[in-house]
Structures are given as structure tokens and as C-alpha cells.
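Trainee: I have a new model open on my screen and I'd like to learn how to read it. Can we go through it together, one feature at a time?

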Amino acid sequence: MTTISGLVRSVFQLGPRGFIRQRLKLPLIKFIHDTVSIYKSRTQTGVNNVKDVLIKGTIIALITSILVWLSILMYMAFYYVYVPSLKHERPVFLKFKPCGATYDCKEKPGMCTFPAAHVQLTSKQQILMMGQPYKVHLELEMPESPVNRELGMFMVCVDFKSHDGSTLANSCRSTMLHYKSIFLDTLYKVVFMPFFIFGSSEEKQIVHVELFSDYEESQYKPVTDIYVEVQSKRIEIYSAKFSVNAEFSGLRYVMFNWPVLSAALGITANLFFIALSCLMSWYQLINSEEYRSYIDSDKSLNVLLESDSDTSNTDEDESSSPTLRKRGKVEIEQLH
């Protein structure tokens with residue numbers, strides 16, 4: 001009853017319009033204003049936090065990507081310098097002097113000199129790595145002709161020479177066609193007869209002649225030219241190819257045969273050492289005398305600025321306090 005009587009008394013004192021304004025409109029406006037202010041401050045704080053997170057995340061992602069790409073480039077450069085090319089191949093074009101005409105003016109078939117060839121391995125830069133052993137092979141593509149079967153063993157010699165013509169190494173090896181018995185040879189021809197007829201296969205053998213098993217390049221005179229000679233005048237050869245194969249061992253063997261694993265380990269190791277170097281440099285920087293003196297001077301400057309701002313704020317408050325008091329009195333009188 002007291003509350004109802006108080007409301008009725010307020011209605012008669014203020015009037016319906018004043019009562020609605022004082023008891024309903026002003027509290028509602030105050031509530032809306034306070035709610036909007038709270039959410040506005042929270043939104044502004046959230047936006048600032050999101051901006052800070054985005055800026056920090058962008059900086060961290062940029063630094064991380066730079067370090068990762070730097071580690072990858074370092075590993076690629078090390079792989080290119082440390083691991084040489086696996087194989088170097090050159091075609092061999094054999095030359096010989098044919099026999100001339102006989103006393104009855106008939107040309108004598110066959111060769112009157114051993115077939116030989118000059119192979120230029122390189123003309124400008126050194127392609128073989130120093131300290132790396134290489135296997136040197138000569139591949140001869142020979143038909144399984146009666147002449148080659150009756151030829152038996154023959155010699156293949158090679159000379160390695162430098163740019164000035166001096167001999168660096170030489171080697172001679174014996175080889176021959178692989179033996180096949182009459183039964184196996186007949187069975188092989190019967191089985192592969194359709195391929196022989198249609199030309200997809202031939203009666204030939206690839207003879208591999210190993211000339212050097214662990215050749216190492218000279219430091220002062222790299223090999224540039226190779227001279228090959230097949231010491232037989234009755235041999236029949238389709239084609240020949242010279243190949244130099246690197247024999248990897250140790251770390252080179254691991255890096256070449258397991259490239260993904262070695263790349264992952266190498267890039268991770270590079271990233272670790274780069275990050276460690278950056279952290280050590282940063283620690284040395286923040287503990288240097290120049291950095292400390294700069295921080296001290298910055299702190300003293302901030303203290304001076306804050307003291308000046310506090311003084312100006314107090315002056316403004318003192319000068320504006322009468323005005324604020326007058327505004328408060330006017331608003332109270334309007335409400336009543």
C-alpha cells in the first residue's frame with residue numbers, strides 16, 4: 001500500500017508526463033547507455049586483441065617462413081656442391097683404316113688398323129669431383145655373329161689425357177662375348193623367334209668393360225680427353241658408349257639413396273642452428289650496454305610525459321569542476 005500510495009503521490013506531483021519521464025524513460029535510457037558502453041568497451045578490447053594476435057601471428061609466420069626457406073636453400077646448395085653427378089656418358093665413334101686393294105685389284109675386306117676413337121669429356125670446366133672415386137666403363141654393342149664368336153678374347157685400352165696432352169692414366173682390359181652352348185642358343189632363338197622376325201629384338205650382346213674401378217680426379221690436371229682403342233682387326237661392333245659412374249660412400253651414399261630422409265634431417269638441422277644463432281644474437285643484443293642505455297632513456301622520457309599529462313589533467317579538472325557542478329544543478333532542477 002505504501003508503494004502504491006507513493007506512486008500515486010508522484011503522479012499527482014510530477015504529472016503523467018513527468019512521472020513517465022522520471023520513472024520510466026530516464027532509467028531505460030541509463031540502462032541502454034550503460035549496456036552499450038559495456039559492450040562497446042568489450043568489443044573495442046576484443047578488436048584490439050584480435051589486431052594484436054593478427055600482427056604477432058603475421059610476424060611469427062613471416063619469420064618462420066624465412067628461416068625455413070633459408071634452411072632449404074642452404075641444404076640445396078650443400079647437396080649441389082657435395083654430391084656430384086652420378087653418371088657421365090659419351091658416345092664413342094670408332095674409326096679405323098680399311099685395307100686397300102690387293103695385287104689382283106680386288107679390295108681386301110676388313111680393317112687394317114685397330115678401331116680407335118677420341119672422346120672429349122669436357123672442354124671448359126671440370127666435371128669430375130676431386131676426392132670422389134669413379135668407375136669407368138666402356139659398353140660395346142656387338143652382334144652374335146660367327147666372326148665375333150670365333151674371335152675369342154680381345155683387348156680394350158684407354159688413355160686419359162689433360163688439356164695440354166699429357167697422359168694422366170691408362171688402362172687395358174681383356175673381354176669377350178658371353179658364352180652360350182648350342183642347346184641354350186637354339187632354345188633362345190626358338191623362344192624369341194617372333195621378336196627377331198618383327199625386329200623388336202636382335203641377336204646381340206652388350207659387353208661391359210670395366211677400365212677403372214676407383215679412378216680419382218687429379219687436383220692440378222683434370223682429365224679432358226679420352227682415347228679408346230679396341231685391339232682387334234676382326235671384331236664387329238654396332239656401337240660403343242663410354243660411361244663414368246660415381247661410387248658414393250658415407251654421407252654421399254645416404255644423401256643420394258635416401259634423398260627424402262636426408263633432406264628432412266638436413267633442413268631440420270639447418271633450421272635448428274639458424275634459430276639458435278638468431279636467439280643467441282638476440283640475447284647478446286638485449287644485454288648490450290647500448291640497448292640498456294636506450295631503454296633507460298626511453299623510460300625517463302615516458303615518466304616525464306606522464307607527469308606532464310597528469311598536471312594538465314588536474315588543471316583541466318579544476319577549471320572545469322565549477323562548470324560541471326552548474327550543469328548538474330540545472331539537470332536536477334529540470335528533473336524536479
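Trainee: Let me start with one residue: is Ser171 buried or exposed?

Mentor: Keep in mind that this is a predicted model. To call a residue buried, we want a relative accessible area under 20%. Ser171 comes out at 6%, so it is buried. You'll find Ser171 in strand β5.

Trainee: Which side chain does the side chain of Ser171 make a polar contact with?

Mentor: For that, look for a pair of N or O atoms within 3.5 Å. Here the partner is Arg173, with a side-chain to side-chain contact of 3.0 Å. There's a backbone atom to look at too: the oxygen of Leu211 sits 2.7 Å from a polar atom of the Ser171 side chain.

Trainee: Now the cysteines. How many disulfides does the structure hold?

Mentor: The idea is to look for two cysteine sulfur atoms within 2.5 Å of each other. This structure has 2 such pairs. In one, Cys157 is joined to Cys172, with an S to S distance of 2.1 Å. That pair links distant parts of the chain: Cys157 is in strand β4 (residues 154–161) and Cys172 in strand β5 (residues 167–175), 15 residues apart. So β5 carries Cys172 as well as Ser171, the residue you began with.

Trainee: And where do the cysteines of the other pair, Cys99 and Cys112, lie?

Mentor: Cys99 and Cys112 bond with their sulfur atoms 1.7 Å apart. Both are in the loop between β1 (87–92) and β2 (116–120), 13 residues from one another. Counting bonded cysteines along the chain, the pattern reads 1-2, 3-4.

Trainee: Why is the disulfide of Cys99 and Cys112 called right-handed?

Mentor: You read that from the torsion about the S-S bond. For Cys99 and Cys112 the torsion is about 125°, so the link is right-handed. The link of Cys157 and Cys172 is right-handed too, with 115°.

Trainee: Is Cys99 buried or exposed?

Mentor: Go back to the accessible area. Cys99 is buried at 7%, whereas its partner Cys112 is partly exposed at 33%. In the other pair, Cys157 is buried at 9%, while Cys172 counts as partly exposed at 39%. While we're on cysteines, Cys278 is partly exposed, with 41%.

Trainee: Let's move to the surface. Which residues make the nonpolar patch?

Mentor: Here you want nonpolar side chains within 5 Å of one another, on residues with over 30% relative accessible area. The patch covers about 700 Å² and is made by Phe78, Leu251, Tyr253, Val254, Trp258, Leu261 and Leu265. Helices α5 (251–257) and α6 (259–286) each give at least two of its residues, and the largest share, 3 residues, comes from α5. Take Leu265 as an example: it lies in α6 and is exposed, with a relative accessible area of 56%.

Trainee: Last one: which residues does UniProt list as "transmembrane region"?

Mentor: With a record like this, read the annotation and then check what the model does there. The unreviewed UniProt entry lists residues 59–82 and 260–283. Over 59–82 the chain is 100% helix and 0% strand, with the end C-alpha atoms 34 Å apart. Over 260–283 the chain is likewise 100% helix and 0% strand, and its end C-alpha atoms are 34 Å apart.

Key
Residues numbered from 1 in each chain as written. Predicted model: local features only at pLDDT ≥ 70, side-chain atom pairs only at ≥ 80, totals over all residues. Heavy atoms only, no water. Patch = residues over 30% accessible without salt bridge, like charges linked within 9 Å, V, L, I, M, F, W, Y side chains within 5 Å. Areas by Shrake-Rupley, 256 points an atom, 1.4 Å probe, with all protein chains shown as cover. Salt bridge = Lys/Arg side-chain N within 4 Å of Asp/Glu carboxyl O. Helix = DSSP H or I, 4+ residues; strand = E, 2+ residues; numbered from the N terminus. Buried < 20%, exposed > 50% of the residue type's maximum accessible area, 1.4 Å probe, protein only. UniProt positions renumbered as here; feature names shortened; annotations may be inferred. Polar contact = N/O pair within 3.5 Å; in protein donor to acceptor, adjacent residues only side chain to side chain.
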